[in-house]
Amino acid sequence: MKVQGRGALAIVYVALAMWLVVPATIALVEAGYWSETELFTSVLLMVVPATMLTLSVVSRDHSLAWSIFWAWSLIFLGLAPAYQLSLGMLPWGAVLSQTLVTDAQRVVLLGYLVAIVVFVIASRYAGSRGFTPPRQVDAGSPLQRATVAMIWVHAGISLLFVALMGTAMYSGRSAFSARLVEIAAIPGIGTAYFLSSAGAIIVPAIAITIRKMGVPVSAWLVGLSMSVSLLVTNPLIGSRFLTGSFLVAVTAALLTRTARRWLPAGVVLLFVTVFPTLDLLRGDGTGATRIEVTDPSTTLTSLDFDAFEMLYRAVSLNGQSAHGSPSAGELLLAPLLRWVPILSDSVQGNATGPVVARSTGMGFTNVSMPLWGEAFLIGSWLGVVAGFAVLGAVIAATRRPSSLAGVLLEVPVAALLFIVLRGSLYEVLGYVLLAVVVAWWLSTVEQRGGRRSQRGRDSGLRAPIASPSAARD
């Protein structure tokens, strides 16, 4: 990307940050609730992600996932808590303590520090050369056939799930949930729901990426994949984060690498203005009836922006969950054991959000837990270091992919961060694992196809040498 283009990007992102951060800072100062320590840290929690977001989008080797991480952090753990603390109240009504607020803020900052250090180090050790697209791109190549098969399998599973759900697919969250309970006895329905929804974020983005490499995947087939995926993630089923992740994945895949640098700015604007009103027709009396553009000071104090409060509640427990709650070890293993058929029942419901909600006396327990809170709940300060070291390394791998798998994972990982950073890994790790499996499978197919193609070319070169008399005849 040209230097002058990066300059324009920097100006836009700095202007966006000033437009958002300055009013939030003024609101904090004018409230007069907090000491200089909390005020300084609150401003720092806005300035750090805003600065890192700007630096990430103007970087020569842009990582969309790294940009999305900072966009999410700016919104949910910077701007939102600033406005909430300026009012002296959090969305779910937690009783505020200056000591606990400071501890929660320090957890966030520690996560940022570790992620930055590991990301920088891991990026330096990444391969200096990017991935070279497949040589064989004809209609019969293994990668082309595998991509087509992937699209059809996902479309088939998704359409079957939609048929079983019927009108519940567009009748609101309550109707959707009730219908899921009704058909729960059908063998494999849970798997079909997972594959259709997770695949909606993964499959179209990967198909578009492969098509842009020159592999002849028909446009209508990609369009079919996008249409089916939009259907199974539509906002009328009550999951805006699922819908948003799908839209980010598809949009990012369609954009050029240069245009992707503008995407986080659009995401930030969307979240701070209209996001709460995108939850249409929930069916339980709490959803919006129309889309409205609201002021950030209003939007960011709603129940949708409870990430800091859930972290605050996790910190307040100091490792002491309610009696009968799963242990830290069980919470750590649950996201993995959930996907083992024989063991899945033993960890049923071991999500950190509900555990913290029950342990802190919340009346509503179907809540999510940001990664910062989950890491602290399971492993205290050491857990935060370990969790964000892994996250920094994973995101760094998308900055300069050296394999087809890395290239294919770049957009899905960026889109899935909206779910991963907000929800317990118990609920969302499967999405990431599916993306890894699909990317690894397609990469393996491409490598095997490339080796067979090379052997064929080598055989063709050796044939005339082995039979010189044939040429004379």
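This passage walks through the fold, the nonpolar cores, the salt bridges and a few single residues of a predicted model.

To start with the big picture, the protein chain is built from helices: there are 18 of them, and 0 strands. Of the 473 residues in the chain, 50% are buried. The chain exposes about 21,000 Å² of surface, and carbon and sulfur atoms supply 64% of that area. Contacts also reach across the sequence. Among contacts in the chain with a separation of 6 or more, 79% are between residues 24 or more positions apart.

Next comes the inside. In soluble globular proteins, nonpolar side chains tend to be buried together. In this model, the largest nonpolar core has 128 residues, and the members that touch the most other members are F69, W72, L79, F271, W372, F388 and L442. Helix 3, which runs over residues 64-87, gives the most to this core, with 17 residues. F69 makes a handy example of how such a core is knitted together. Not counting residues up to four places away in sequence, F69 touches Y112, A115, W372, F388, L391, I395, L417 and L421. Two of the partners of F69, W372 and F388, are themselves on the list of residues that touch the most other core members. There is also a second, separate core of 11 residues, and this one includes M310, V356, M362 and M369.

Burial can be followed along a single helix too. Helix 13 covers residues 328-337, and its buried residues are L331, A334 and P335. Looking down the axis of helix 13, these buried residues fall within an arc of 90°, so they line one face of the helix. A bit of helix geometry is useful here: an α-helix has 3.6 residues a turn, so residues three or four places apart point the same way.

Not every nonpolar side chain is tucked away, though. V14, M18, V22 and I26 make a nonpolar patch of about 330 Å² on the surface. One of these residues, M18, sits in helix 1, which spans residues 3-31.

Charged side chains pair up as well, and the structure holds 4 salt bridges. In one of them, the side chains of E410 and R257 meet at 3.0 Å, N to O. E410 belongs to helix 16 (residues 404-420), while R257 is in the loop between helix 9 (240-254) and helix 10 (263-273), so this pair ties together parts that are 153 residues apart in sequence. The two partners sit in rather unlike surroundings: E410 is buried, with a relative accessible area of 3%, whereas R257 counts as partly exposed at 46%.

E410 has another partner, R260, and their side chains meet in a salt bridge of 3.7 Å, N to O. R260 also comes from the loop between helix 9 and helix 10, so its pairing with E410 in helix 16 ties together parts that are 150 residues apart in sequence. R260 is buried, with a relative accessible area of 7%.

A further salt bridge joins E309 and R313, whose side chains meet at 3.1 Å, N to O. Both residues lie in helix 12 (residues 307-317), 4 residues apart, which is about one turn of the helix. E309 and R313 are both buried. Back at E410, the salt bridges share partners, and they join R257, R260 and E410 into one network.

Two further residues give a closer look at the interior. S196 lies in helix 7 (residues 189-212) and is buried, with a relative accessible area of 1%. Leaving aside neighbours within four places in sequence, S196 is in contact with H154, S158, F161 and V232.

T233, by contrast, is found in a loop, the one between helix 8 (219-232) and helix 9. T233 is buried all the same, with a relative accessible area of 0%. With neighbours within four places in sequence set aside, T233 is in contact with S197, A200, S239, L242, T243 and F246. The C-alpha atoms of T233 and S245 are separated by 9.1 Å, and these two residues are 12 residues apart along the chain.

Technical notes: Residues numbered from 1 in each chain as written. Predicted model: local features only at pLDDT ≥ 70, side-chain atom pairs only at ≥ 80, totals over all residues. Heavy atoms only, no water. Buried < 20%, exposed > 50% of the residue type's maximum accessible area, 1.4 Å probe, protein only. Helix = DSSP H or I, 4+ residues; strand = E, 2+ residues; numbered from the N terminus. Arc of directions from axis to C-beta. Patch = residues over 30% accessible without salt bridge, like charges linked within 9 Å, V, L, I, M, F, W, Y side chains within 5 Å. Areas by Shrake-Rupley, 256 points an atom, 1.4 Å probe, with all protein chains shown as cover. Core = buried A, V, L, I, M, F, W, Y, C linked by side-chain atoms within 4.5 Å. Contact = heavy atoms within 4.5 Å.
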